[in-house]
Amino acid sequence: MTPIGLRERVLGRWRWMAAEPGSASWYFKRDRLAVFSLIVLAILIMMAVLAPLITPYPEQGRGSPSIMDKLKPPSLEHPMGTDPLGRDLFARVLFGARTALIAGFSIQLISVLLGTALGAIAGYFGGIVDETIMRVTDVFLAFPPLLLAMTIAAVLKPSLVNSVIAISITWWPWYARIARAQAVSVRERDYVRAAVGIGVGDRMIIIRHILPNLMTPILIQATLDLGAAILTVSALSFVGLGVPPPTADWGAMISEGRIYIQNGRWWVPTFPGLALFITIMASNLLGDGIQVVANPQLRRGSQ
Amino acid sequence: MSGDTLIDIRGLTVEYKTSAGLLGSRSQRTRVLEDFSLQLERGATLGVVGESGCGKSTLANSMMRFVEPIAGQIFFEGRDILALDRRELRGQRRQMQIVFQNPFSSLNPRLRVKTIVAEPLITHLDLTPAQLEERIIELLSEVGLNEAFMRRFPHELSGGQAQRVALARAVALNPKLLILDEPTSALDVSVQAQIVNLLGKLQRDHQLTYLFISHSLALVQHISDYIAVLYLGEVVEYGRQADITRAPRHPYTRALFSSTPQPDPESGRERIILEGTVPSPKDPPGGCRFHTRCPQVMELCRHKKPKAHATEAGHWATCHLLDAELESLQGVDAS
């Protein structure tokens, strides 16, 4: 017996649309951290998209130097100070968000598509197809991911596209594993047997019956890994194998700025570091929240 | 067997491999069906009864070729479906469909009813969207559902409605054979009766042949023209429904009958309670497979496998008790 709240009054006859206790969205909404991180991520994405409108120095954000203003501490004019080339750090951080989010989402998209497709094929067909695909996967998993990504990035020319390719190559096998495990269990379900019994071809069975029913754990993992992907892009840039200057990248900014921390110019590496921290934190917490909603066993007792 | 035979199963043997030990070093073979033979008459219902693990579902799965038997033939109108290649098999599948026990697991939770029922039509026929829609509405009304159900998802259906959708999908291509693998045992009792009635109507309208698998003898008696009683992968008794009901010959069949509730409490029938559980098919008992639990076990049963004895036209059972009975009958004749 809950008193009729504002929301119910506003929704009126449509209040059945509100999340019912026990439903997935109800649980998600109760997970304040997850909701908060979703909001943070949404703001980050908006700031990245609208970067040129938010900052008065979009040219500096894209990389043009302004030597006269170099290494100014945070002020009203430059809320995060300026870097060694006199560029407004806030503008650089905003444009860095573009790099980080574009790279992070691209890596997740490529890895999920590639990994899920291969994993689903391996799990559905089984036998020699399964063995072949999964042994290749094992080879990739045997390398430490960062080391493999650095090696590939070093062979390719440093660029945003190449670092996305390098990281995706180390990333997809994780999704292939999850997808395969799911496909093996979905394959045995009666609706797949019914489809086989009807005479539906293998390709259509995979597309219509296997893939849609294995996406949930894949999407949870993809959300959880978004932060790690962004961190890896930054790590590549930090060691100089990632996005080349003058494109703004948080990893490169931290790398270039770290020597200034010794002579009191703390703001140079700190603000890109904070931006990286907040982004990764938000995507991890969001992933946790989604996992709890999708997996009722992890739900905390109702209260 | 009189009449026109639709399905003729001969010497069907199915093995499952089970691995044990490190890296599956001790791989075991379990014979679920061995040298299994059975015939189905066109347009009739054959009820297959047995406890869990007796090979009922394996029989269904081999007929649908979900599992590959290691020996035997299954003739469908004289054509061995076990010998068909992939392409031929896909065509053959139009003729035979299966309905599973749990309708919620046999309907893809991500697809709407419309798409589920459309799947066989799209796979085998070349219909325009309008024809497709018309056919789906027709099929749904045949199973007692209206058009409004087309846009529903399986989780928005009751168990009975979901099984009706599964039936609509199964009869969509006008198959000749429907394998019903315990189609009512996941449903409420009141709904079971409706589905059984619907099955009867569909059989009349489409001249369907049913292979009705169940663990409930009472239900099988109600719906079947012929009954096959399975025990540990073998048919122990086979015959017309009326013959088996009137005079069950095998001790196992009698035990099954005595365990089904009777509406008349005064009938005063003795209850035969079987001791123990079904032995593991991994290590079936020698001699008669039923001897470990048979209330009328004899020394002979432990060593010698009984032969099938026909007791009347088209009714036979495999039991040593019948040896003795027949011998005494012959003795009477001779005198």
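This is a guided tour of a predicted model, moving from chain A to its interface with chain B and then through chain B.

**Chain A: confidence first**

Colour chain A by pLDDT before anything else: the chain averages 83, and 87% of its residues score at least 70. Among the elements of this chain, select helix H1 (residues 6-11), which has the lowest mean pLDDT, at 57, and then H10(A), which has the highest, at 92.

Next, go to the loop between helix H12 (215-238) and helix H13 (250-257) of chain A, where Pro246(A) has its place. Show the backbone here, since the peptide bond that joins Pro245(A) and Pro246(A) is cis, with an omega of about 10°.

**The interface between chains A and B**

Now display both chains and select the residues that touch across the boundary: 17 residues of chain A are in contact with 23 residues of chain B. The area buried between chain A and chain B is about 1800 Å², and carbon and sulfur atoms contribute 51% of that area. On the chain A side, pick out Arg193(A), Ile198(A) and Arg208(A), which lose the most area to chain B and together account for 35% of what that side buries.

With side chains shown, turn to the polar features of the boundary, where 15 residue pairs, both members at pLDDT 80 or more, are in polar contact between chain A and chain B. Two helices of chain A, H10 (190-198) and H11 (202-210), each supply at least two residues of the side that touches chain B. Which helix gives the most to that side of chain A? Select H10(A), which gives the most, with eight residues. Colouring this side of chain A by residue class separates seven nonpolar, six polar and four charged residues.

The count of salt bridges between chain A and chain B is two. To inspect a salt bridge across this boundary, centre on Arg86(B) and Asp202(A), whose closest N and O atoms are 2.9 Å apart.

**Chain B: a salt bridge within the chain**

Over all chains, the count of salt bridges comes to 25. One to select within chain B is formed by the side chains of Asp4(B) and Arg42(B), at 2.6 Å from N to O. Asp4(B) lies in the segment before strand S1 (5-20) of chain B, while Arg42(B) lies in the loop between strand S2 (26-41) and strand S3 (45-49), so the pair ties together parts that are 38 residues apart in sequence.

**Chain B: two hairpins**

Move on to strand S4 (residues 71-76) and strand S5 (residues 79-80) of chain B, which run antiparallel and are joined by two bridges. Label Phe75(B) and, opposite this residue in S5(B), Asp80(B). The hairpin has two residues between its strands, and the residue to examine in the loop between S4 and S5 of chain B is Glu77(B). Although Glu77(B) is not a glycine, it has a positive phi of about 50°.

For the last stop, select strand S11 (residues 308-312) and strand S12 (residues 315-318) of chain B, which pair in the antiparallel sense over four bridges. Here His309(B) stands opposite Ala317(B) in S12(B). What lies between the strands in the hairpin of S11(B) and S12(B), and which residue there takes a positive phi? This hairpin has two residues between the strands, and Gly314(B) takes a positive phi near 70°.

How values were computed. Residues numbered from 1 in each chain as written. Chains lettered and ligands numbered in written order. Heavy atoms only, no water. Contact = heavy atoms within 4.5 Å. Buried area = accessible area lost by both parts, 1.4 Å probe. Salt bridge = Lys/Arg side-chain N within 4 Å of Asp/Glu carboxyl O. Polar contact = N/O pair within 3.5 Å; in protein donor to acceptor, adjacent residues only side chain to side chain. Nonpolar A, V, L, I, M, F, W, Y, C, P; charged D, E, K, R; others polar. Pairing = 2+ DSSP bridges. pLDDT = per-residue confidence, 0-100.
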